Protein chains: 2
Amino acid sequence: MSSHLFERHAETLRQAVAAIHERGYWSAFPEVPSGKIYGESAKADGARAFESRLESRFELDQPGCEGWLGSETSPYGIPLGISYPSMDLNVLLPAAQQATGSWSRAGVNERTGICLEILSRLNRRSFEMANAVMHTTGQGFAMAFQAGGPHAQDRGLEAIAYAWRLMSHVPDRVSWEKQISKTHVVRLEKTYRIVPRGLSLVIGCSTFPTWNAYPGLFANLVTGNAVVVKPSPTAVLPLAITVETAREVFRECGFDPNVVTLVVDEPKAPVTKQLATRPELSIIDFTGGSDFGTWLEQNARHVQLFTEKSGVNSVILDSVEDLRAMADNLAFSISLYSGQMCTKVQNIFVPCEGIAAGSARIGFEQVAHSLVEAVDRLLEDPSRAADVLGCIQSEKTLARITEARANGGALLRASESVSIEKYPRARVRSPLMLRVRAEDEPLFSREMFGPIIYVIETHGSAHSLALAKRLARERGAITWAVYATRKEVLAEAESAALSAGVPLSCNLTGPVWVNQAAAFSDYHVTGANPAGNATFCDEAFVAPRFRIIQTRRPSRTA
Amino acid sequence: MSSHLFERHAETLRQAVAAIHERGYWSAFPEVPSGKIYGESAKADGARAFESRLESRFELDQPGCEGWLGSETSPYGIPLGISYPSMDLNVLLPAAQQATGSWSRAGVNERTGICLEILSRLNRRSFEMANAVMHTTGQGFAMAFQAGGPHAQDRGLEAIAYAWRLMSHVPDRVSWEKQISKTHVVRLEKTYRIVPRGLSLVIGCSTFPTWNAYPGLFANLVTGNAVVVKPSPTAVLPLAITVETAREVFRECGFDPNVVTLVVDEPKAPVTKQLATRPELSIIDFTGGSDFGTWLEQNARHVQLFTEKSGVNSVILDSVEDLRAMADNLAFSISLYSGQMCTKVQNIFVPCEGIAAGSARIGFEQVAHSLVEAVDRLLEDPSRAADVLGCIQSEKTLARITEARANGGALLRASESVSIEKYPRARVRSPLMLRVRAEDEPLFSREMFGPIIYVIETHGSAHSLALAKRLARERGAITWAVYATRKEVLAEAESAALSAGVPLSCNLTGPVWVNQAAAFSDYHVTGANPAGNATFCDEAFVAPRFRIIQTRRPSRTA
């Protein structure tokens with residue numbers, strides 16, 4: 001009844017499979033929030049759909065509902081008041097396991113078609129999703145639309161393409177013929193079946209609930225595993241909408257909707273540790289802070305664990321062609337979503353002697369000043385500032401800004417409140433920028449999540465690279481930028497990045513930023529340093545999610 | 001200087017890559033120990049090369065040699081007297097790490113060419129290897145030649161083909177072009193580099209030292225990882241020859257030979273635990289007993305661990321077309337190498353009411369008797385018996401036969417000594433066969449490695465399947481056989497095998513056996529039950545061994 005879905009989406013899959021190999025720019029889901037693409041009423045419809053969720057119960061019809069809970073609040077200061085089912089794990093998990101049966105017996109292409117249909121329906125809900133992401137994560141609307149909608153959908157599609165390509169390498173049935181003597185041929189008929197690893201748990205994060213969850217979610221689904229989705233208690237709605245959409249498609253296609261289920265908790269009574277150690281689980285995908293990721297590594301040893309944690313990202317400034325172009329580019333990376341990204345660049349290493357800019361020599365002070373000026377310039381217009389900065393997602397991040405200021409370092413730029421007319425109670429803060437010396441390593445050697453930037457005086461670019469490399473190896477790093485006009489410095493940076501396992505962006509200016517990672521082209525997190533053990537997306541991310549079981553029997557036609 | 005090696009072996013690689021997808025019969029290395037294939041003097045040359053090793057030092061020129069050790073003895077009763085370098089790990093491991101540098105910087109194709117050259121040279125040494133495997137494992141010569149030589153080489157090639165296919169999917173360099181407005185295109189040049197996960201350890205086993213080690217060894221090498229090889233102290237020579245061959249090729253190609261090194265110990269002073277917990281390691285491949293495998297899972301948590309452990313394999317007898325054809329086939333599987341295989345079928349489940357054979361009904365007693373008769377028939381001729389049985393590799397296995405006899409069960413067939421004229425002191429024993437009831441589960445529910453077979457009375461085939469399934473899930477299983485003429489029983493067996501994660505062989509008769517697994521076609525160990533977490537070979541076995549690090553920079557030609 002659902003085999004037509006594979007046909008419907010076959011061309012998208014074909015292009016996605018080509019894209020993960022070619023790795024040039026490609027996207028299946030338009031990133032522009034335009035009525036011409038999504039329908040003239042899409043924006044208003046999405047806003048209405050979001051508003052209809054407020055102050056009400058999010059019904060999912062899952063087995064084992066014991067009551068209702070939920071404590072999300074919008075960083076924009078509006079009440080949400082959405083409640084979600086509180087689940088009895090002793091009912092829900094067996095139901096999810098039960099659902100695995102028929103789902104895993106569906107063929108690879110049928111599962112693929114259904115997963116692509118779910119993504120396609122999520123795409124149609126992108127404006128609703130944008131509102132949900134904006135009011136849980138604090139992202140500005142444009143970013144919430146892109147990162148929460150089409151970019152997340154592209155990441156999900158990418159994982160499906162990787163998994164489908166591997167699974168489709170395995171033939172269903174072959175004839176094995178071996179000549180064992182001049183007159184005797186042995187013929188066996190062999191069949192191969194893809195079986196799922198088992199029940200999986202996807203743990204979402206508070207800042208990019210869909211973008212970070214979709215790769216694991218769709219990689220698990222397409223390989224036949226049932227998935228329990230556990231959102232961050234502060235960003236439930238985007239994943240609840242996702243689960244609702246998936247369950248709807250499963251029902252329509254005649255599958256048990258419990259292939260995908262949602263478990264919600266509140267910060268005052270977290271359930272993730274309890275859930276993650278349940279013996280029913282075989283796979284966990286985690287995105288979030290290193291502390292909890294490390295706890296999982298130590299305590300959820302019965303599962304195949306995929307982690308995308310955090311790290312300390314670095315910029316190495318050596319020399320530039322155009323000081324202002326560099327500063328403007330970094331200012332945007334510094335300011336975007338108030339640095340609440342695992343790809344935020346926290347540490348900007350600058351030689352104490354300054355840097356070369358074209359034929360001029362620019363002293364350290366002036367480099368630091370240029371960066372501050374560029375941030376000020378970017379955020380001058382309050383409306384633009386609000387769009388770029390978004391809101392501070394968590395009270396903890398607000399407190400961290402204060403803590404960083406108090407810890408020390410010379411103030412380059414204070415973090416300031418920015419007001420938004422439409423949302424007077426929104427928590428908006430501009431970046432805090434501090435000047436420190438290499439010797440002040442305790443200040444900058446750990447992740448300071450949020451709008452906190454260190455401009456660090458070093459003895460030269462070799463020193464900068466050595467520091468960045470050590471931090472990456474010890475604390476992890478997800479991205480590095482280098483600005484250098486000299487080939488030998490670029491080569492040294494590339495060599496250091498290779499040995500630290502960090503992707504490197506060189507001399508970015510204009511509208512492309514170090515904290516962006518594009519599906520189908522950029523591998524996000526390398527797995528080669530403590531920032532995580534998994535990549536969005538490569539074969540290592542999908543291959544361990546399924547197994548191959550074979551049967552062989554003598555051929556009747558021998 | 002070694003780029004010609006990829007060209008030299010390109011056609012073999014092309015065929016291997018086709019074979020892992022097509023999965024019909026294919027082999028790169030001839031399994032027939034024939035002078036016409038390997039050269040008329042190959043057999044004598046191999047024997048001489050082996051004999052020249054005896055009573056002497058096996059020189060490897062590794063850094064950190066502190067002395068000499070070795071305690072191998074031939075199960076055929078001849079002295080070996082070979083000593084190997086005793087290594088200072090504090091010198092050797094840094095040297096191995098050091099060697100990773102230039103090896104990982106070699107391109108994918110250069111590494112692949114070198115690995116294929118190593119395999120090709122190992123193939124030319126297959127007769128020498130056959131002697132080495134025979135006199136350490138106790139396998140008969142023909143089996144030692146095939147399993148220790150060409151079949152092991154095929155498994156290594158298979159791993160190379162899987163890894164090469166994945167790595168070659170990643171482009172070296174792409175141009176990424178995104179239209180960001182009607183007039184503006186952003187162009188980035190991106191490069192992707194394959195980097196190894198890190199230093200790897202391959203732990204060999206005592207019965208199939210090369211066959212079980214080559215997949216991990218070559219998967220690690222081709223993905224750029226240096227490898228420390230740690231053989232079982234009772235089966236060092238086959239892997240020492242392997243390491244010697246590899247080091248010779250590395251030297252010739254201008255690479256540091258410490259890309260592959262050997263660490264040897266003696267049973268009285270084992271070093272594997274110490275080695276496996278060294279922080280320098282990033283990958284461990286282990287083949288061997290479940291006890292040590294489980295210890296590694298619990299203690300070597302800093303590494304990516306691939307295990308091929310052991311399990312309890314089952315035969316389900318329901319109905320046959322030809323009783324004798326079934327019994328003859330099983331008799332060979334029971335007897336081959338005295339059951340010292342992880343694919344040995346230990347438990348033969350037979351309904352108490354007996355089985356259908358054609359139109360007749362055969363009682364339990366008669367089924368059991370037919371199996372015993374078939375084993376007796378196979379082993380009637382002492383010379384053939386010796387070839388099939390080989391020797392008992394370990395004193396522990398000898399003791400286990402006595403223990404099994406003492407534990408209980410009705411004796412169907414006693415284990416007897418078999419004498420070999422050429423080797424009067426060889427430890428040769430025929431299979432012990434015991435009749436037990438399903439209620440005697442403590443007797444047959446754990447692996448009894450060696451020539452110990454239980455014929456188990458059940459209440460019917462559903463009961464047999466339920467028992468086999470539970471054992472597989474609790475203790476692991478690597479292979480199952482079912483004999484059934486009824487379609488519904490075959491379907492139930494297939495369904496049980498799928499849910500227990502065990503490959504199933506149906507109604508095998510003639511020269512193809514349940515305990516065989518052919519490279520390029522049969523997945524060995526599924527990873528889907530406690531018998532191991534890895535498969536020879538699939539993408540999950542190779543993908544986690546390397547990472548991809550990218551660099552992006554604005555295109556100059558924008």
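Let's start with a little sheet in chain B: three strands form an open sheet there, in the order β11-β13-β14, with mixed pairing. The edge positions go to β11 (319-320) and β14 (360-362) of chain B, and each has a single partner strand, so one side of each is left without a neighbour in the sheet. If you want to find the pairing on your screen, look at β11(B) and strand β13 (residues 355-357) of chain B, which run parallel and are joined by two bridges. Val320(B) is a handy landmark, because its place is opposite Ala357(B) in β13(B).

Before I go on, please keep in mind that this is a predicted model. How confident is the predictor? For chain A, the mean pLDDT is 96, and 99% of the residues reach 70 or more. For the complex, the predictor gives an ipTM of 0.96 and a pTM of 0.97. As a general reminder, coordinates should not be read in detail where pLDDT is low.

Now to the other sheet, which I enjoy showing. Which strands does this one take, and from which chains? It is an open sheet of 10 strands with mixed pairing, and the order is β3(A)-β4(A)-β20(A)-β19(B)-β18(B)-β10(B)-β12(B)-β17(B)-β16(B)-β15(B). At the edges you'll find β3 of chain A and β15 (410-413) of chain B; each has a single partner strand, so one side of each is left without a neighbour in the sheet. On average, neighbouring strands of this sheet are turned by 25° against each other, direction ignored.

Let's zoom in on where the chains meet in that sheet. β20(A) and strand β19 (residues 504-506) of chain B run parallel, with two bridges joining them. Thr551(A) is the residue to click on, and opposite Thr551(A) you'll see Leu504(B) in β19(B). Further along, within chain B, four bridges join strand β10 (residues 314-317) to strand β18 (residues 480-483), again a parallel pair. There, Ile316(B) faces Val482(B) in β18(B).

So much for the sheets; what about the chain-to-chain contact as a whole? The contact takes 52 residues from chain A and 52 residues from chain B. On the chain A side, the elements that each supply at least two residues include α1 (3-22), α8 (150-169), β4 (185-196) and α19 (487-500). The largest share, eight residues, comes from β20(A), the strand that has two bridges to β19 of chain B. By type, the chain A side divides into 25 nonpolar, 14 polar and 13 charged residues.

How are the copies related? Chain A superposes on chain B by a rotation of 180° with 0.0 Å of shift along the axis, at an RMSD of 0.0 Å. That is the relation of a two-fold axis. The same surface serves both copies, with 100% of the contact residues of chain A recurring in chain B. If you'd like to know where the axis passes, go to Ala540(A): of the residues of chain A, its C-alpha comes closest to the rotation axis, at 3.2 Å.

Last stop, the inside of one chain. Chain A is divided into domain 1 (9-310 + 545-550) and domain 2 (314-506). Their C-alpha centres lie 33 Å apart. Where the domains of chain A touch, domain 1 gives 16 residues and domain 2 gives 19 residues. The domain 1 side of that contact divides into five nonpolar, 10 polar and one charged. Thanks, everyone!

How values were computed. Residues numbered from 1 in each chain as written. Chains lettered and ligands numbered in written order. Predicted model: local features only at pLDDT ≥ 70, side-chain atom pairs only at ≥ 80, totals over all residues. Least-squares fit on C-alpha atoms with pLDDT ≥ 70 in both. Contact = placed C-beta atoms within 7 Å. Nonpolar A, V, L, I, M, F, W, Y, C, P; charged D, E, K, R; others polar. Pairing = 2+ DSSP bridges. pLDDT = per-residue confidence, 0-100. Domains from an automatic or database assignment. Axes fitted to C-alpha atoms, helices over the stretch in contact; angles between N-to-C directions.
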